[in-house]
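Open your viewer and load the model. This tour goes stop by stop, with something to select at each one.

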Amino acid sequence: MSEAGLFVVGKNTPLPLEDVSVKAHINGFLVGLDSTLKYSNTGADPIEVVFRFPLEESFAVVGLEAVIDGRKVKAVIREKEEARQMYDDAIASGYSAAL
């Protein structure tokens with residue numbers, strides 16, 4: 001399994017995981033997991049990070065929410081190329097974004 005977590009872009013330095021909780025939802029043969037992971041930027045300057053969480057091919061991500069500086073950012077699932085373009089545009093415009 002490859003590394004999982006939050007990493008500083010360009011440096012590949014991991015941010016320490018401060019807290020984690022996981023809730024499972026079982027309905028017949030279906031299982032859903034909600035996980036909450038807490039990371040903090042302890043530096044004085046804003047940083048760009050990437051979140052890595054390897055999954056099996058049969059798994060699906062159906063949502064992502066992040067709290068950045070107290071603001072909730074809710075992801076909209078897009079095709080990879082479209083998502084990358086939207087992310088790049090948001091960062092270039094000075095917005096917080098998740099990919």
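The tour starts with the whole chain and then moves through its parts.

**Stop 1: the whole chain**

Keep in mind that this is a predicted model. Show everything as a cartoon. You should find one helix and seven strands. Follow the chain from its start, and the pattern reads β-β-β-β-β-β-β-α. Along its principal axes, the C-alpha trace spans about 45 × 30 × 30 Å.

Now colour by confidence. The mean pLDDT is 87. Residues that reach 70 or more make up 98% of the protein. Which element has the highest mean pLDDT, and which the lowest? Strand 3, residues 17-27, is the highest at 94. Strand 6, residues 65-68, is the lowest at 84. As a rule, where pLDDT is low, predicted coordinates should not be read in detail.

**Stop 2: the surface**

Turn on the surface. Its accessible area comes to about 8500 Å². Carbon and sulfur atoms account for 54% of that area. How many of the 99 residues count as buried, as a percentage? The figure is 9%.

Colour the charged side chains next. There are 10 positive and 15 negative ones. The centres of these two sets lie 4 Å apart.

Then hide the surface and think about contacts. Take those between residues at least 6 apart in sequence. Of these, 40% join residues at least 24 apart.

**Stop 3: the three-stranded sheet**

Select residues 5-8, which are strand 1. Add strand 2 (13-14) and strand 5 (49-52). Together the three strands form an open sheet in the order 2-1-5. The pairing is antiparallel. Strand 2 and strand 5 are the edge strands, each pairing on one side only.

Zoom in where strand 1 meets strand 2. Two bridges join them. Pick valine 8 and look across to strand 2: threonine 13 stands opposite.

Now select asparagine 12, in the loop between strand 1 and strand 2. Check its backbone. Asparagine 12 has a positive phi of about 60 degrees, although it is not a glycine. Is asparagine 12 exposed or partly exposed? Asparagine 12 counts as partly exposed because its relative accessibility is 39%, between the 20% and 50% cut-offs.

**Stop 4: the hairpin of strands 3 and 4**

Select strand 3 again and add strand 4, residues 30-39. The two run antiparallel, joined by 10 bridges. One pair to label is serine 21 with its bridge partner in strand 4, threonine 36.

Move to the turn of this hairpin. Two residues lie between the strands. Glycine 28 takes a positive phi here, near 65 degrees.

Next, select leucine 33, in strand 4. Is leucine 33 buried or exposed? With 60% relative accessibility, leucine 33 counts as exposed, because the cut-off for exposed is over 50%. Leaving out residues up to four places away in sequence, leucine 33 touches Val22, Lys23 and Ala24. For a distance check, add glutamate 18, which is 15 residues from leucine 33 in sequence. Their C-alpha atoms are 19 Å apart.

**Stop 5: the hairpin of strands 6 and 7**

Select strand 6 together with strand 7 (71-74). They pair in the antiparallel sense over four bridges. Label isoleucine 68, and find arginine 71 opposite in strand 7.

Then go to the turn. This hairpin also has two residues between its strands. Aspartate 69 takes a positive phi near 50 degrees, in a residue other than glycine. Aspartate 69 is exposed, because its relative accessible area is 74%, and over 50% counts as exposed.

**Stop 6: on the way to the helix**

Finally, select helix 1 (80-92) and the loop between strand 7 and this helix. Arginine 78 sits in that loop. Which residues does arginine 78 contact, leaving aside neighbours within four places in sequence? They are Ala83 and Met86.

Arginine 78 is partly exposed, with a relative accessible area of 39%. Last, select leucine 37 as well, 41 residues from arginine 78 along the chain. Their C-alpha atoms are separated by 22 Å.

Conventions
Residues numbered from 1 in each chain as written. Predicted model: local features only at pLDDT ≥ 70, side-chain atom pairs only at ≥ 80, totals over all residues. Heavy atoms only, no water. Buried < 20%, exposed > 50% of the residue type's maximum accessible area, 1.4 Å probe, protein only. Contact = heavy atoms within 4.5 Å. Areas by Shrake-Rupley, 256 points an atom, 1.4 Å probe, with all protein chains shown as cover. Lys, Arg positive; Asp, Glu negative; His and termini not counted. Charge placed at Lys NZ, Arg CZ, Asp CG, Glu CD. Pairing = 2+ DSSP bridges. pLDDT = per-residue confidence, 0-100.
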